[in-house]
Amino acid sequence: MKSLAELKELRNKVQKEMKKRDQGTRAEIIVGMGTCGIAAGARDILKAVLAEIEKRDLDVRVTQTGCIGMCEKEPLIDVKLPGKEKITYGNLSEADVQKIITEHVVNGNIVSDLVIARHK
Amino acid sequence: MKDSIYRSHVLICTGTGCVSSGANTLKESLEEELAANDLSGEIKIVETGCHGFCEKGPIMIVYPEGVFYCEVQSDDVAEIVEEHLLKGRTVERLLFKEPMTDEQIPSYQDIDFYKKQQRIALANCGQIDPEDIDEYIALGGYEAAGKVLTEMDPQEVVDTVKDAGLRGRGGGGFPTGLKWQFAKNSEGDKKYVICNADEGDPGAFMDRSILEGDPHRIIEGMLVAAYAIGADEGYVYVRAEYPLAIKRLEKAIEDAEEYGLLGENIFSSGFNFKLHIKKGAGAFVCGEETALMNSIEGKRGMPTPRPPYPAVRGLWGKPTNINNVETYANIPYIINEGADSFSAIGTEGSSGTKVFALTGKINNTGLVEVPMGTTLKEVIFEIGGGLGKGKKFKAVQTGGPSGGCLPEDYLDLPIDYDSLLDAGTMMGSGGMVVMDEDSCMVDVARFFLNFTQSESCGKCTPCREGTKRMLEILNRITDGEGKDGDIELLLELGEHIKSTSLCGLGQSAPNPVLSTIRYFRDEYEAHIHDHNCPAGVCSDLVSAYVIDEEACIGCGKCAKVCPVDAISGEIKSPFTIDPDVCIACGACEPECPVDAISQA
């Protein structure tokens, strides 16, 4: 270690992984992973979400949830930005996931044609 | 792009407590189950140090949700993976249940045991992988060392520690800043810093948990101390009975060397520091600083008279600073957050927090860290969850075998160095043993004295002979052969041993006896004059059990548990206990479904 600056640089680099244990308020994506969701391909959706977040180096908490009753519309994801309403998107493909993350998570614009529910 | 993108971290406590309740097999099962579900690349398993809640181990925390599972066994893994990690549904039956309310608590921050704690020395314990230096750095690790080495001069560092009001956490409570000042002021071309991790008190595991859970914090604390006093070499003296602590510390030293945080020209400051581990063979007296240094030098672990103090003539005759593990663990916080921030915590004479190993007849056995000035009642009843099985509190022993026992009247006593001393006990390194109505205080005193007596190194007469004589008297009393004047003799001997012994071991060894005489003299008197042990512990003094023939239903349950076969009878007719054979162990009493058994 040559300097304090070098240590801080290293800290910034290694901090990202530790953020997964941070309980603070962050953007959240919840993937529907009930049996219905998994049958409709939710695992691939989840992987696509993770890949996109990693690619764009975003600070997003990814969790899963069970069946919410809209099995017909699986795979489903919820996007919840801090202080904003929760949006549920349905009938998703992996390409849709990229679009939702680019448009909604990064830029804050809801992708209306994929929305199936809004929660206050 | 990396092969693995982790969406979730599963923290498994692999401190010694959780390992003994099955954490290692739990981890293996989880690895297998994740692989079977093709989740290995998404879920990261992190082995951490002790969370402190050893009572409920093995402990598992699932992030990002922060769900706290306790008493998790290998059998539970399939359900956790299927339900929680795959489908996102919390496995409710594994959540912690508050013993008082039966309420299920998903997040550990909300459990009473954690809610009322303030963690400085233990801040990272259970939160990071102790074998991954990056995780320590991610949480701000080594920034205090960096700041000290590049921006502060040694006197500033000493002044900061003085202003913080940090006192030695190993037992004595000597102001740390002052100790550093003495070592800094000593002239010498070579100086040493030592970390005393020779934790020997029965029931104490604070130092072990810190070394196991956050070893880099100790390295950083020692680095700061070394810079402050001008030392370039250090030793961690740790008992060989702590293999996991040693392994993690070795790994931590290796990693720190690789990162250039130990070695030469650290932070380009021109400062060098080399750190060694010295394994002790587990003699209690080696926790005494002069005995410890003799042991490092390869000599027999015996104390030498002070002065000269180690700060003047220590290891190999060179000026040496020696602090306890927990003391060093507080240093990074003090440097990062400032002396004022630290001294604002706790009481005026005792700033900061203290870690206690909570054991004995208590619901939440474990490791707790509370601000100084917290009352015994808060620690025992609010954090510790009270006593088990509806038993009544009788006494709490602080300070390990060198401390004393305090009765119920002292539950509101704020815990700090001075108030504990005034009450006839001491802070010590932080053992806290809780006793209920079934504990005999004479027997407790005998137990602790037996420990110190056998650990006495034998160098000075008061400790060698005095503790032996005291133990003989106590043995006599518990055997039912106590005599008039025994109590007075114990008091006299105790005072002499305290004032004339060479080192802290002898100076404090009589404390358990003196404090129990002070607060529970009636129990001693009952043993001596009435030949009775009120708690029913001393087997020579308790009378045999009898069965009420009219109440007995002849089920025979009592006879099955009797270890000496004193109970006989025919099924469906009254049983009897042979009073000459009965050892009054009391095993039969709780077995009886109709409460027909009692002491004569």
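## Close-up views of chain B and its contacts in a predicted model

**View 1. Helix α8 of chain B and its surroundings.** Helix α8 of chain B, residues 176-185, is largely enclosed by the rest of the structure, because seven of its 10 residues are buried. This view, like those that follow, is taken from a predicted model. The buried positions of α8(B) are B:T176, B:G177, B:K179, B:W180, B:Q181, B:A183 and B:K184, a list in which two lysines stand beside the tryptophan and the alanine. These buried residues pack against three helices of chain B, namely α7 (154-164), α10 (215-229) and α13 (325-337), and also against strand β11 of that chain.

**View 2. The five-stranded open sheet of chain B.** Five strands of chain B form an open sheet with mixed pairing, in the order β9-β10-β8-β7-β11. Its edges are formed by β9 (263-266) and β11 (320-324) of chain B, each of which pairs on one side only. On average, and with direction ignored, neighbouring strands of this sheet are turned by 25° against each other. Within the sheet, β7 (residues 192-197) and β8 (residues 233-239) of chain B pair in the parallel sense over six bridges, and B:N196 has B:Y237 in β8(B) as its bridge partner. Helix α12 of chain B, residues 289-296, packs on the sheet and touches β7, β8, β10 (271-280) and β11 of chain B, while the direction of this helix makes about 100° with that of β8(B). Strand β11 of chain B is thus an edge strand of the sheet, is touched by helix α12 of chain B, and also takes part in the packing around the buried residues of α8(B).

**View 3. A cis peptide bond in the loop after helix α12 of chain B.** The peptide bond from B:P307 to B:P308 is cis, and its omega is near 5°. B:P308 is placed in the loop between α12 and β11 of chain B, two elements that are in contact where the helix packs on the sheet. Chain A also has a cis peptide bond, which joins A:E74 and A:P75 with an omega of about -5°. In that chain, A:P75 is found in the loop between β2 (60-65) and β3 (77-80).

**View 4. Helices α18 and α21 of chain B.** The axes of α18 (residues 461-478) and α21 (residues 511-529) of chain B come within 11 Å and cross at roughly 35°. From α18(B), the residues B:M470, B:I477 and B:T478 meet B:V513, B:Y524, B:H527 and B:I528 of α21(B). By class, the residues of this contact comprise five nonpolar and two polar, with no charged residue among them. In the loop between α21 and β17 (545-547) of chain B lies B:H531, a residue other than glycine whose phi is positive, near 50°. B:H531 has 15 other C-beta atoms within 10 Å and is therefore partly exposed.

**View 5. The side of chain B that touches chain A.** In the contact between the two chains, 30 residues of chain B meet 24 residues of chain A. Helices α5 (133-138) and α6 (143-151) of chain B each supply at least two residues of the side of chain B that touches chain A. That side of chain B is made up of 14 nonpolar, seven polar and nine charged residues. The loop between α5 and α6 of chain B holds B:Y142, which has a positive phi, near 70°, although it is not a glycine. B:Y142 counts as buried because it has 27 C-beta neighbours inside 10 Å.

**View 6. Chain B as a whole, for orientation.** The secondary structure of chain B comprises 22 helices and 20 strands, and its C-alpha trace spans about 85 × 65 × 40 Å along the principal axes. A compact globule of 600 residues would have a radius of gyration near 25 Å, so the 26 Å of chain B agrees with that expectation. Of the 600 residues in chain B, 53% are buried, and among its contacts with a separation of 6 or more, 72% come from residues 24 or more positions apart. The mean pLDDT of chain B is 93, with 99% of its residues at 70 or more, and the model scores ipTM 0.85 and pTM 0.89.

Key
Residues are numbered from 1 along each chain as its sequence is written. Chains are lettered from A and ligands numbered from 1 in the order in which they are written. This is a predicted model: local features need pLDDT of at least 70, side-chain atom pairs count only at pLDDT 80 or more; totals for chains, interfaces and linings use all residues. Axes are lines fitted to C-alpha atoms, for helices over the stretch in contact, and angles run from 0 to 180 degrees between N-to-C directions. Helices (H or I, at least four residues) and strands (E, at least two) are DSSP runs, numbered from the N terminus. Two residues are in contact if their C-beta atoms, placed from the backbone, lie within 7 Å. Ala, Val, Leu, Ile, Met, Phe, Trp, Tyr, Cys and Pro count as nonpolar, Asp, Glu, Lys and Arg as charged, and the others, Gly among them, as polar. Two strands pair if DSSP finds at least two bridges between them. The radius of gyration is taken over C-alpha atoms; the globule rule is 2.2 Å times the number of residues to the power 0.38. A residue is buried if 20 or more other C-beta atoms lie within 10 Å of its own, exposed if 12 or fewer, and partly exposed in between; C-beta atoms are placed from the backbone. pLDDT is the predictor's confidence in each residue, from 0 to 100.
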